[in-house]
Amino acid sequence: MHLPTATYRLQFRNGMDFERAIELIPHLIELGISHLYASPIFTAVRGSTHGYDVTDCNEIDPVLGGREGYQSLVRALKARGLGIILDIVPNHMAAHLENDWWHSVVEWGRSSEFAHHFDIDWREPLTLPFLGRPFEEEVAAGNVFLAFDRNRNCLALNCCHAFYPLAPASYSAILKEPHPALERIAAIAGAVDSKGAERLHSEIAAAIATPSVLSELDDYLRRLSADRQHLCRLHEMQPWRLKDSRTARDHLSYRRFFEITGLVGMRVEDPAVFADTHRLLLDLVKEGLVDGLRIDHIDGLADPEAYLRRLRHETGNRTYIVAEKIVQPNEALPDWPVDGTTGYEFISALAELLTEEAPSSGLWNEAQRCAAEKAVAECKLLVLGHNLNAEVGRLAELASRLGRKEDRHRMAEAIRHLIAALPVYRTYVSDRGAGPHDSRILEEIAAKASAAAPAVSTEIALVTAALNSKPGLADRQLQSEFRTRFQQLSGVAMAKGVEDTFFYRRGDYLAANEVGADPCWRPGGIDRFHEMMRHRAEEMPNGLSATSTHDTKRGEDARARLYVISEAPDIWAAAVARWHEMNAERIRRLPGGDAPETSVEQFLYQSLLGTWPVEPLRSEEELSSLRERMVGFAVKALREAKLRTSWNDPDERYEAAVTVFLGDLLVGRNNVFLDDFERAVRPFVRAGLVNSLSQTLVKLTAPGIPDIYQGSERLDLSLVDPDNRRGFSPGSVPLQLPKAPLTGDFEVCKQALIGICLTYRRERGADLFARGEYRPWSVEGPGSRHAAAFMRRSKDACSVTVAPRLVFGQTDGDRLSVRPELWRNTFLVWPENCDLKPLRNLVTDEIIESRPLVAVADILRDFPVAFLVEA
């Protein structure tokens, strides 16, 4: 296997296609990248901005350049020695009529050849919850009528500009009076079953080929559409039911991705479905057009391990594979045939490195931890009882059949409390039973759930027995289905309850609110960071090390800046109190006078700190751009928090009050606030830039494979998507760093640092970083807590990373540096069992003479961070 030494994540669509990607190759070479890491490239819903809504697994999207364009990209990459990693989406496809498989299922119901490709409960009609209001109301409003779908050559209900195909068996029921064309179509439909679907459509097309016939048919169907009762009767005859979007809260006949009804779950555990959904992908692998794979949402699959073993068998051991798996603290990556994860746990490790572990503000006290644990359980119960109620209801129905009990409400309550108590995204119990780790987790959550809901303790015991695969339950197949669906749902509840609810409510330290973060986290500082890196070197040396992705809550440099709040919580709190008082009159003038609440205001100020430019705002245009981004973010954050507004039940008056407040805040005439904010945040910005360089260097040299998200090689102060998916303009990578750099030189410095380190990794240091051990280096002296150092060592080479931390108030004015006084009498201690040897600082090209104690001031004299290799 040709392991990556560094990847560059590129988001296709939004103006990025294969042709433009080819233009980026020189930039990737300058950065030292080994592999382009591409977002989904298979055909997606027309106009998709992300590609995860796949409509054809076996076609490369023509919008991007199609197969020919993709082959050109790969040839161009290979010619420069670069590989390519594809992001694939086995868990779901688009529940969209552009998807031929889905269209077939809508048209033919469970007799469709693709009916069992999708995870659908066929004991009832297929739910299509895509209307703005109930079907009967849409009919009454004149938004539903019979039509002939010219693209698909079938009869359909045109509802809100979407053509839902009618079941061919119902064509004859449309006839209310003789009509030659319709009679002919009905006769054709009556003679064909689902296996002849292609013949049906071609014969129908031939039957109405004459424009006059088609025009007459359109007129006839339009007249029939005036009979609203007839439309409702036809609707009842279909294998599907059109519903309003709110129906999905309480009733849905298919598994979806999270709570997105437009994405339907796939049954890739079925070998035939696996083969159909992976045909083109496996061809590309065999042709040498793919070097690695990133598996999206692995925890959504029925059996992740079985899927990965099948994928590994088909792709061989030469294909690099990583899974998007959230690994919680004290949780190991399961024994899967992968090279690692996509790297969210690395962000958590950086939080240990760059967060002050014992601030006096009480951010990390026991009361805070207990409050967070309680709030997380409440948030998970909220989404399970509302957004995911349909999924819980389906589980409760299965559990009731399993235990021969009638009270599904009690079963649902037991299920909700068990999932709310789970400390991990999911367990991996199979028909073979539960392993020791999962058994312990199930035992613990059963106790927690029973304590929280003693009234349903009997049901909790039954559900736990089913999850443990214990014998004694009558229907083993039903038990297996229940266990599978429970495990598929638990990760969704964790993601939606914690990442997309709790983290939008907690505003005291936004740097900790990140994908994969422990909501009850308490920082352990440099010692825990070293412990995590040692474990990473031993257990997952080839996993990706991410700092920004398309899913992170904020850009890496915004997060690095927000870490600084932990060093000066009282200063920040005083500034927030001052701004609250300064802007109190604005809030009082808003409708209702109570928005934004103090907690929301605090959340917004921290978010604004994260996005504040490095240089003071110079123009109304810059301020307008920031205002537009912040307003869009605020609405999303408020809806995700689900306190006074939500995606399902938006309170537009409340949202308007908050956005008016923000808009009024960020206008040029509001000089009093803007000037004060600029003065107050400047020390945080300066310390945050040093944090960013430390974070970058550590990612480039610590165990794991550095992953650079598009544009983050410069300055990444983005907010959550869609803000982090905006277009970007890569700048040329400088050959050397500027001498005595200023804060305004940050982007140049960051790009140069990446280029220097990754070029070394790709050339001289490939073996060192692939196999080298990780050893913390001791730092002694008054400034020891402000620096972290570690060595990577193999048989033939070594490197040393030195990175500042906790430097609030220690930066040197407008210079991008730390005050030299901080390092007075502070030394790196050369390990006793390592031979003394001179080292070269690749960042400054200086030689560091070998001695038992190496002065930190000498190493960091000319640049905030240092990367040392053997001279």
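Which residue lies over the face of Tyr37? In this predicted model, that position is taken by Arg9, at 4.7 Å from the ring centre. A comparable arrangement involves Phe274: the charged end of Arg310 sits over its ring, 5.6 Å from the centre.

Aromatic rings also pair with one another. A pair of aromatic rings is described by the distance of the centres and the angle of the planes. With centres required to lie within 6.5 Å, the structure has 29 aromatic pairs. One of these pairs is formed by Trp102 and Phe118, which meet edge-to-face, with 5.4 Å from centre to centre and 90° between the planes. Trp102 belongs to helix H3 (residues 100–108), whereas Phe118 is in the loop between H3 and strand S7 (126–131); the pair therefore ties together parts that are 16 residues apart in sequence. Both Trp102 and Phe118 are buried.

Another edge-to-face pair consists of Trp579 and Phe673, where the separation is 6.2 Å centre to centre and the planes form an angle of 80°. This pair links distant parts of the chain, since Trp579 is located in helix H22 (residues 569–582) and Phe673 in helix H27 (residues 671–701), 94 residues apart. Trp579 is buried, and Phe673 is buried as well.

Trp579 and Phe673 also take part in a wider arrangement of rings: ring pairs link them into a cluster with Trp572, Tyr605, Trp612, Phe677, Phe684 and Phe808.

How values were computed
Residues numbered from 1 in each chain as written. Predicted model: local features only at pLDDT ≥ 70, side-chain atom pairs only at ≥ 80, totals over all residues. Heavy atoms only, no water. Phe/Tyr/Trp six-rings, centres within 6.5 Å; stacked < 30°, edge-to-face > 60°. Helix = DSSP H or I, 4+ residues; strand = E, 2+ residues; numbered from the N terminus. Buried < 20%, exposed > 50% of the residue type's maximum accessible area, 1.4 Å probe, protein only. Lys NZ or Arg CZ within 6 Å of the ring centre and 35° of its normal.
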